[in-house]
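Reader: I would like a close look at a single part of this model, taken residue by residue and then set among its surroundings. Please keep to what the coordinates themselves support.

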Amino acid sequence: MFKEHFPNADVIGTEISDTASQFEMTVQHDFAIQKEEWISKADLVYSNSFDHSIDPVKTIQTWRDQLAENGTLYIEYNERLSVCEPVDCLDATTSEMEDLITSNGLRIRTKFKGS
């Protein structure tokens, strides 16, 4: 979707699975671990997998540090769909998510309501 709307953008997706290289624009990587070459480089960081984070603080700090000066972080998260299971480790309320974001030096500009 990003490539469709921003054809000249460099789009990189991460996947922890060893099958990552089978997918276009995807690298095998744990999204919570910082890659030095990505620090301060991203205009946009997006994830719909935050509920998979084993260490939410480390993850949010990693993504924060990847943002360029005017970069934006988008996290798709639904409190109702986030339950503590082996694959979805995080079980946080919307308020807890907001506190996590703001206590790590980010500000919430907009919240979108899903269906």
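Author: Leaving aside residues up to four places away in sequence, Gln66 touches Gln34, Trp38, Ile39, Ser40, Lys41, Ala42 and Val45. The model is a predicted one, and in it Gln66 belongs to helix α2, where the residue has a relative accessible area of 7% and is therefore buried, the cut-off for that class being under 20%.

Two of the residues that Gln66 touches, Trp38 and Ser40, deserve a word of their own. The ring of Trp38 has the charged end of Lys35 sitting over it, at 5.4 Å from the ring centre. Ser40, for its part, lies in the loop between β2 and β3 and has a phi near 60°, which is a positive value in a residue other than glycine; with a relative accessibility of 46%, Ser40 counts as partly exposed.

Turning to the helix as a whole, α2 spans residues 56-66, and Pro56, Thr59, Ile60, Thr62, Trp63 and Gln66 are its buried residues. Viewed down the axis of α2, these buried residues fall within an arc of 160°, so they line one face of the helix. The general background is that an α-helix has 3.6 residues a turn, so residues three or four places apart point the same way. As for what lies over the buried residues of α2, the cover includes the strands β3 (42-47) and β4 (67-75) together with the helix α3 (94-102).

Trp63, another of the buried residues of α2, has a relative accessibility of 4%, and its ring takes part in the aromatic contacts of the model. A search of the whole structure finds three aromatic pairs. In the pair formed by Phe50 and Trp63, the ring centres are 5.5 Å apart and the planes stand at 55°, so the pair is tilted. Because Phe50 lies in the loop between β3 and α2 while Trp63 is in helix α2, this pair ties together parts that are 13 residues apart in sequence. Phe50 is itself buried, with a relative accessibility of 0%, and ring pairs link Phe31, Phe50 and Trp63 into a cluster.

Helix α2 can thus be followed from two of its buried residues: from Gln66, which touches residues including Gln34, Lys41 and Val45, and from Trp63, which ring pairs join with Phe31 and Phe50 in a cluster.

How values were computed. Residues are numbered from 1 along each chain as its sequence is written. This is a predicted model: local features need pLDDT of at least 70, side-chain atom pairs count only at pLDDT 80 or more; totals for chains, interfaces and linings use all residues. Side-chain values use heavy atoms; hydrogens and water are left out. Buried means under 20% relative accessible area, exposed over 50%, partly exposed in between (1.4 Å probe, protein chains only). Helices (H or I, at least four residues) and strands (E, at least two) are DSSP runs, numbered from the N terminus. The arc is that of the directions from the helix axis to the C-beta atoms. Contact means heavy atoms within 4.5 Å. Rings of Phe, Tyr and Trp (its six-membered ring) pair if their centres lie within 6.5 Å; planes under 30 degrees apart count as stacked, over 60 as edge-to-face and the rest as tilted. A charge sits over a ring if NZ of Lys or CZ of Arg is within 6 Å of the ring centre and within 35 degrees of the ring normal.
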